[in-house]
Amino acid sequence: AGRGPGGERVAVVGAGLAGCLLAVLLGRRGVPVTVYERRPDPRVAGAERGRSINLAVSARGLAALEQVGLRDHALKRALPMHGRMVHPLGAAPNFQPYSADGERAINSISRAELNRSLLDAAEATPGVTLRFSQRVTGVDAREGVLLLEGADGGTVTEPADVVLAGDGAYSAVRTSLGLDVDADFLEHGYKELTVPARNGDFALDPDALHIWPRGTSMMIALPNLDRSFTCTLFWPKPDFDALDTPERVAAHFAEHYPDVAGLMPDLAADYARNPVGSLVTVRCWPWARYGDGALAALVGDAAHAIVPFFGQGANCAFEDCIEIDRCLDEAGGHWPRALSLYQERRKANTDAIAEMALDNFVEMRDRVSSPVYRARQAATHALERRLAGRYVSRYELVSFSTVPYAEIPARIRRQNRILGAAALTGAAALALAARALRPALRRRGGR
Ligand code: FAD
């Protein structure tokens with residue numbers, strides 16, 4: 001591993017989204033770092049299958065990418081989605097803008113391309129060394145070594161004083177450190193399908209994240225630059241197995257997703273070929289372990305994998321990296337102090353987004369199709385326009401701001417309490433509510 005200014009050897013495990021960004025940030029601080037990635041270089045070998053093909057990246061992810069000069073580059077290769085297009089069964093699709101002014105958008109970005117840009121940035125950063133096809137099996141914090149799988153299947157060691165584990169939801173480093181972990185699997189799994197371009201153009205509106213809410217399950221679709229859409233089914237796992245012939249697949253889609261079934265010429269083959277992935281919420285504490293020989297900490301999904309229903313996993317992982325960088329500044333480069341600060345600051349935030357992401361599953365698969373929900377959304381947006389900056393929706397705070405996640409639930413409860421009281425007494429009280437909200441928001445820095 002590379003040696004930092006204090007002589008420490010720093011290793012990052014995993015050259016995924018978090019690992020790469022962290023390596024760039026550390027390299028820029030003058031901390032040499034070696035990144036160990038289990039896969040071959042995806043820029044040479046091509047992207048791995050079975051991961052989500054595209055990601056929704058929003059304000060938090062963009063703010064982090066901006067720190068390493070990649071924001072504009074990422075946006076140039078992104079497709080903005082200004083709202084949800086909800087496809088109810090037996091009714092016309094309806095568009096629900098994400099923001100009150102209809103201007104704000106989340107961005108559909110290819111995961112593989114984003115990872116490649118981050119790998120390029122890491123490689124171009126002085127002090128960063130990338131090592132591919134290196135499967136880390138654990139850390140011996142007492143001895144100060146990283147354990148890797150050798151070519152003959154045995155274990156080889158590499159000295160490391162600081163290990164930052166960005167090795168994903170099923171982190172081998174986390175397991176080897178014996179941290180207290182709770183992995184909570186949804187009974188739903190996911191499978192990806194494709195709606196290809198039709199006559200050279202998008203077959204669905206590319207300015208939206210499409211949702212087919214079906215009560216206990218749903219399908220979503222995000223646009224790709226090649227004018228295709230990647231659809232993701234989120235179904236209870238046994239439901240996937242029930243469709244075990246091409247005829248059953250075709251009949252199921254014709255019945256439940258009639259407006260899109262005809263846009264998927266390879267539906268049955270894709271369905272049979274593509275794997276069913278699991279959806280897990282990882283709750284772990286602490287995130288850092290201090291041995292006599294090495295200090296190890298988790299970052300990104302390794303520390304706090306969340307379900308994808310708020311499109312925040314990667315955004316949140318990027319925020320972790322920025323926080324580590326900030327904590328190193330504040331701790332004057334002292335690793336134990338910095339990592340302790342980092343985990344203390346991030347934990348409440350990642351717990352909060354984990355809960356909001358679970359809650360958003362019910363919203364997406366069920367609530368969005370109800371007329372009551374749509375009326376409430378319209379009212380929320382009207383309020384946001386009327387009480388600009390003082391009444392802000394949860395979606396807006398999560399996706400279009402960098403307000404710490406942990407502050408959002410309490411802020412929404414407070415807003416709703418005040419507005420609930422206002423609703424009872426009419427428009428005059430609304431004005432009072434606006435006044436009441438003002439000092440509360442000012443106390444919180446006016447965000
Ligand atoms: P990963 O991206 O998982 O990277 C881990 C890296 O470590 C990989 O390169 C892996 O090969 C490597 N590795 C693993 N084990 C080892 C080992 N033993 N040794 C060495 N290297 C190892 N997030 C969003 O923000 N927006 C979205 O729209 C969104 N959609 C999603 C849709 C789905 C279906 C899923 C499953 C997730 C989605 N996410 C989304 C979440 C997002 O994918 C993750 O939060 C993000 O990838 C986390 O980044 P990471 O770097 O922590 O982990």
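Let me begin with a sheet of three strands, which is open and has the order β4-β8-β5, with antiparallel pairing; two strands count as paired if DSSP finds at least two bridges between them, and the strands, like the helices, are DSSP runs numbered from the N terminus, with E over at least two residues for a strand and H or I over at least four for a helix. At the edges of this sheet stand β4 and β5, the latter covering residues 79-81, and each of them pairs on one side only. Neighbouring strands here are turned against each other by 35° on average, direction ignored, where the axes are lines fitted to C-alpha atoms, for helices over the stretch in contact, and angles run from 0 to 180 degrees between N-to-C directions.

Before I go further, I should say that this is a predicted model, in which local features need pLDDT of at least 70 and side-chain atom pairs count only at pLDDT 80 or more, while totals for chains, interfaces and linings use all residues. Residues are numbered from 1 along each chain as its sequence is written.

Staying with the three-stranded sheet, β5 and β8, which is residues 106-110, are joined in the antiparallel sense by three bridges, and Met81 has Ile106 in β8 as its bridge partner. Helix α5, residues 111-123, lies across β4 and β8 and runs at about 80° to β8; contact between two residues means that their C-beta atoms, placed from the backbone, lie within 7 Å.

Now to the second sheet, which is also open but has seven strands, in the order β7-β6-β15-β16-β17-β14-β18, with mixed pairing. Its edges are β7, residues 94-97, and β18, and because each has a single partner strand, one side of each is left without a neighbour in the sheet. From one strand to the next, the twist averages 25°. Packed on this sheet is helix α13, residues 335-365, which touches β15, β16, β17 and β18 and whose direction makes about 65° with that of β15.

As a reminder for anyone new to sheets, strands pair through backbone hydrogen bonds, either parallel or antiparallel.

Which strands does β17 pair with? On one hand, β17 (residues 229-236) pairs with β14 (residues 180-195) in the antiparallel sense over eight bridges, and within that pairing Gly189 has Trp235 as its partner. On the other hand, six bridges join β17 to β16, residues 217-223, and these two strands also run antiparallel; here Met218 stands opposite Phe234, and Met219 has Leu233 as its bridge partner.

The strands β16 and β17 form a hairpin with five residues between them, and in the turn Arg227 has a positive phi of about 75°. In the loop between these two strands you will also find Ser228, which counts as partly exposed because it has 18 C-beta neighbours inside 10 Å. For that term, 20 or more other C-beta atoms within 10 Å of a residue's own make it buried, 12 or fewer make it exposed, and anything in between is partly exposed, with C-beta atoms placed from the backbone. Leaving aside residues up to four places away in sequence, Ser228 touches Thr194, Val195, Pro196 and Ala197.

Some other loops deserve a look for their backbone geometry. Asn199, in the loop between β14 and β15 (208-214), has a positive phi of about 50° although it is not a glycine, and Asn199 is exposed because it has 6 other C-beta atoms within 10 Å. Ser133, in the loop between β9 (128-131) and β10 (136-140), likewise is not a glycine and has a positive phi of about 55°. Trp285 and Pro286 are joined by a cis peptide bond with omega of about -5°, and Pro286 is located in the loop between β18 (277-285) and β19 (288-290).

Finally, what surrounds the ligand? The shell holds 33 residues, the closest being Gly14, Gly16, Gly168, Gly300 and Gly313, where a residue is near a molecule if its C-beta atom, placed from the backbone, lies within 6 Å of it. The elements that give two or more residues to this shell are α1 (17-28), β4 (54-57), α11 (301-304) and α12 (313-330), and the largest share, four residues, comes from α12.
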